[in-house]
Amino acid sequence: MAVETDFSQDGKKLTIRIKGRFDFGRHQEFRDAYERQPSRPDAVVVDLQDTTYLDSSALGMLLMLRDYAGGDEADVRVVHASSDVRKILAISNFDKLFDIS
Amino acid sequence: MPAGQGLTVLVAEDSDVDRMLLARIVKRQGHQVVTAQNGQEAVALFSERRPQLVLLDALMPVMDGFEAARQIKALAGEALVPIIFLTSLNEEQALVRCLEAGGDDFMAKPYSAVILAAKIRAMDRLRRLQDTVLQQRDQIARHHHHLLNEQRVAKAVFDKVAHSGCLGAPNIRSVQSPYALFNGDLMLAAFTPSGDMRVFLGDFTGHGLPAAVGAMPLAEVFYGMTAKGYTMPQVLREMNAKLKRILPVDMFCCALLLNLSQQRAVVEVWNGGMPDGYRLSAEGAVLTPLQSRHLPLGILGPGQFDDAVEVWPLAAGERVLLLSDGVLETADAQERLFGEQRLRSVLAGNREPALLFSELMQALALFGGQPRDDISLCDIRMPGAQEPLPAPVNYPDSGPTSPADWSLGFEVRGQSLRQFNPVPYLVQLLQQVHGLRTRGGNLYSVLSELYSNALEHGVLGLDSQLKRDVQGFADYYQERARRLALLSEGFVRIDLVVEPHAQGGRLKIDVRDSGEGFDVQQVLSRAALQQGLSGRGLELVRRLSSSATWAEGGRCARVEFAW
């Protein structure tokens, strides 16, 4: 699986890991990763440790996740982004919407 | 095999006994049978009856089974007509020959009815599979053809809209891959009534039709509002709000909008998510990258949207280069990206601006080989004073109903000064006056100048002396934004009087502000001397209007247009 999920013990935090390219091909898997969960998490962590590339449709998918997790009130963190991936996020100024580290 | 679903089976066998035996077995399984006594007959019957399956004896007089198989396969074309060889040969070489001649299977004599039935069913499955694949392939080809045709038509319609602008102006050079629109790229250019040039380069998320649908409404907003003289923040807000309203959550538009003002010798830039644009010297050296400072259009609601624009001086001959990410993200065989450094070295190596694009395209081809279909490039040069740009749009005449004797007072107060700009509304109103119709551009420039003077130097108390160099220039606009954000009181009042005068009429404009006023004599004499980055405004107002004076200690500007 290119998209892996992990729910914390207390069921509050959902971690989504994307391996390889994060592009339109991951669309369905990525949606399933948060929509097909027994409960709605309080916080979502998107782990890009093993993500090699990210395109604009991936940015769109992050926006969908943010919308699902509560829009402006959403607690969505993007972690372990490589410098290339970070650059793509920076050009679009996504750090204004997501907590990126 | 259900009844009525039988195949037509060709049986070619030179032995009468075997032929009749086979025909009987096959018929009993519910198929129709046609028979041939040698290869030649078999080929002829195949052409005539088009059976779906062939049982072929390998060794026959006149034409043997191998040759017949080759001819039948050739006649069958793409459709799979399974051929089962009937053979008493059993050395390996002979069986291999059967398959190489185009046979799909073979069956040894003596015949077993059960095995033959099973083989016919198996071959029929293959035949149907091949049939389905062919049908689907043809369907995909039809859809693809249809799609290309739709794209062609959509592109033709869209080109009409896009080219209603001024991308063809002599100071703009641009290239776009032919179907860039369907990769989400959008390039637009138009003049404001005062002769400023606006250029928009956008890139929607995604590909194909979804990426292209947002382009129409965006172009409409851009052209409509630019022609009416709305400010950049107003246009950006409208574009953002419109896209936010109509696009699904995961779609947005990276965008760069710029305003090139020949009168003020500046370029104003808003970049949300596009790659760096470049402010270039006349020789092509990079002066400043024009970086993305904002989220793309269509993501934030009106409450959070940031319309702050960067302002840079741009002298005659200096240029601005815009590009889409297709340029930077062109990849080579190892998936390395072309990137900013390679772009910069092409820029550095360029000697003749006219050749920049072809040098860049060449560098991309050398690097990646595979040209992408989402490359947009736009190079805009600040025209010199002796090089007037095409005349701004004229509004249609409203005829003899035009009002000739009226007045209007308009006051913008307090926090409304932060975002609201009344100039476009007032200019539209004044366009109703017959004698002013052809002077819309001048009116717009003069009113804009007076309004921003009243706001910036009057209400906000900014000193235009700040703008003496490039750094000061940036400081000035930063300070302007800061003071504007804190503004809670003050006013700018515009009084318009239109009255009949002599054979024609005249318009009197008073612009008052709540500021400190200024030493009119000193400022006017200083302005006359300056050629720098400030002080162009007053000169412009005097040149474009019939008369211009300042009263009330500099707190009131009074301008007349007569016709």
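Modeller: Two strands count as paired if DSSP finds at least two bridges between them, and helices (H or I, at least four residues) and strands (E, at least two residues) are DSSP runs numbered from the N terminus. This is a predicted model, in which local features need pLDDT of at least 70 and side-chain atom pairs count only at pLDDT 80 or more, while totals for chains, interfaces and linings use all residues. Residues are numbered from 1 along each chain as its sequence is written, and chains are lettered from A, and ligands numbered from 1, in the order in which they are written.

Colleague: Which residue of β13(B) stands opposite B:Val266?
Modeller: Strand β10 of chain B, made of residues 266–272, runs antiparallel to β13(B), and four bridges join the two. Across from B:Val266 in β13(B) stands B:Pro313.

Colleague: Which strands of chain B are the edge strands?
Modeller: The open sheet of chain B has five strands in the order β7-β8-β9-β10-β13, with antiparallel pairing. An edge strand pairs on one side only, and that describes β7 (185–191) and β13 (310–313) of chain B.

Colleague: What angle does the direction of helix α8 of chain B make with that of β9(B)?
Modeller: Angles run from 0 to 180 degrees between the N-to-C directions of axes, which are lines fitted to C-alpha atoms, for helices over the stretch in contact; contact between two residues requires their C-beta atoms, placed from the backbone, to lie within 7 Å. Helix α8 (residues 232–246) packs on the sheet and touches β9 (253–261) and β10 of chain B, and its direction makes with that of β9(B) an angle of about 160°.

Colleague: Why are the buried residues of α2(B) on the same side of the helix?
Modeller: A residue is buried if 20 or more other C-beta atoms lie within 10 Å of its own, exposed if 12 or fewer, and partly exposed in between, with C-beta atoms placed from the backbone. In α2(B), residues 39–49, the buried ones are B:Gly39, B:Ala42, B:Val43 and B:Phe46. They lie on the same side because the arc they cover around the axis, taken from the directions from the helix axis to the C-beta atoms, is only 100°.

Colleague: Which exposed residues does the opposite face of α2(B) carry?
Modeller: The buried residues of α2(B) pack against β1 (8–12), β2 (32–36), β3 (53–57) and α3 (65–76) of chain B. The face turned away from that buried side carries B:Ala44, B:Glu48 and B:Arg49.

Colleague: How many residues does helix α2 of chain A give to the side that touches chain B?
Modeller: In chain A, 13 residues are in contact with 15 residues of chain B. Helix α2 (residues 56–68) of chain A gives the most to that side, with eight residues.
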